[in-house]
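Okay, thanks everyone for coming. I'd like to walk you through a structure that's probably new to most of you, so get comfortable and have a look.

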Amino acid sequence: MAQGLIEVERKFIPQPGIEERLQELGGILEHRLTFQDSYYDTPELSLMRADHWLRLRQSSGWELKCPGAAGVSGPHTEYLELTAEPAIVAQLCEVLGAGGLGAGGVVDVLGPLRLQEVASFVTKRSAWKLVLSRANEEEPLLRVDLDTADFGYAVGEVEAMVHEEAEVPAALEKINKLSSMLGVPAQEKAPAKLIVYLQRFRPQYYQRLLDVHSSREKPQGTKDADSSLG
């Protein structure tokens, strides 16, 4: 698989006063923005069932999230993020068992791979960043995104991006520490926006994910129906 950044994150349900608490902790509001996400998969949800999540974000382009290290447990998720289109196409072809599609972009392989839009919604986000301890120059930068989808669901996430698997435990420790400081219950698992969207508006897709994961765990980002999808 092509190299990408490893995203380690934890989702939570934002409580009243969350932005004031972030300010108290030294958080800096980077921006507020609104964007549309569209997710693509085959009619059988071959990608999602393999824990791969293909998204087109307005003004940002394509992203494919691929499962991170095996054995991840707890209320967090870990994914490898691919944003370079050649790497995305190569991984799509590998997961879907297709070859010989050439070196085109993602749009060029949607038809041959039978990929279609399965969900689309608009999100309003306030994006924050902070470092828990400024005494350590190598302290990982944490990001907190507070999202409200246009179908009425609000979710937050604490996130760190790392380059190597060996960096994940330290990042996770900081994520859990900040989550605790924000008042997030230790074992809270909040569903991702996509999972809630499918449950509410595409129940046949949601049920298909439940069925295929029933012998293991609930769909993505769940890892009990809690998702890593942003």
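So let me start with one residue: arginine 21 has a relative accessibility of 31%, so we call it partly exposed. Keep in mind that this is a predicted model. The partner of arginine 21 is glutamate 24, and their side chains form a salt bridge with 3.1 Å from N to O. Glutamate 24 has a relative accessible area of 59%, so that one counts as exposed, the cut-off being over 50%.

Where do these two sit? Both are in helix H1, residues 18-24, and because they are three residues apart, about one helical turn separates them. In general, an α-helix has 3.6 residues a turn, so residues three or four places apart point the same way.

Now for a pair with a longer reach along the chain. Arginine 143 makes a salt bridge with glutamate 30, and here the closest N and O atoms are 2.3 Å apart. Arginine 143 belongs to strand S7, residues 142-149, while glutamate 30 is in strand S2, residues 28-41, so this bridge ties together distant parts of the chain, 113 residues apart. As for exposure, arginine 143 is partly exposed at 28%, and glutamate 30 is partly exposed too, at 33%.

Buried or exposed: what about glutamate 9 and lysine 11? Both of them are buried, and they also form a salt bridge, with the closest N and O atoms 3.2 Å apart. Then there's a network of salt bridges that links Asp37, Arg55, Arg57 and Glu63. How many salt bridges turn up in the whole structure? The search finds 15.

Okay, let's zoom out. The protein chain has seven helices and eight strands. Of its 230 residues, 49% are buried. The accessible surface is about 10,800 Å², and carbon and sulfur atoms account for 49% of that. And if you take the contacts with a separation of 6 or more, 67% of them are between residues 24 or more positions apart.

What about the inside? The largest nonpolar core has 38 residues, and the ones with the most contacts inside it are Leu54, Ile88, Leu92, Val144, Leu178 and Leu182. Helix H5, residues 168-181, gives the largest share of this core, with five residues. There's also a second, separate core of 22 residues, with Met48, Val118, Ala119 and Val196 among them.

Let me pick out valine 144 for a moment. Leaving aside residues up to four places away in sequence, valine 144 touches a list that includes Phe12, Leu22, Trp128, Val158 and Leu178. Glu157 and Ser126 are among the residues that valine 144 touches as well.

Last stop: helix H3, residues 85-96. H3 has 12 residues and spans 16 Å from its first C-alpha to its last, close to the 16 Å expected. Which residues of H3 are buried? They are Ala87, Ile88, Val89, Gln91, Leu92 and Cys93. You've already heard two of those names, Ile88 and Leu92, in the largest core.

And what do the buried residues of H3 pack against? Their neighbours are helix H2 (46-49), strands S3 (53-57), S4 (61-67) and S5 (76-82), and helix H4 (106-110). Just after H3 you'll find glycine 97, with a positive phi of about 70°.

That's my tour, thanks for listening.

Notes:
Residues are numbered from 1 along each chain as its sequence is written. This is a predicted model: local features need pLDDT of at least 70, side-chain atom pairs count only at pLDDT 80 or more; totals for chains, interfaces and linings use all residues. Side-chain values use heavy atoms; hydrogens and water are left out. Helices (H or I, at least four residues) and strands (E, at least two) are DSSP runs, numbered from the N terminus. The expected span of a helix is 1.5 Å times one less than its number of residues. Buried means under 20% relative accessible area, exposed over 50%, partly exposed in between (1.4 Å probe, protein chains only). Contact means heavy atoms within 4.5 Å. Accessible areas come from the Shrake-Rupley method with a 1.4 Å probe; for residues, only the protein chains shown count as cover. A nonpolar core is a set of buried Ala, Val, Leu, Ile, Met, Phe, Trp, Tyr and Cys residues joined through side-chain atoms within 4.5 Å. A salt bridge is a side-chain nitrogen of Lys or Arg within 4 Å of a carboxyl oxygen of Asp or Glu.
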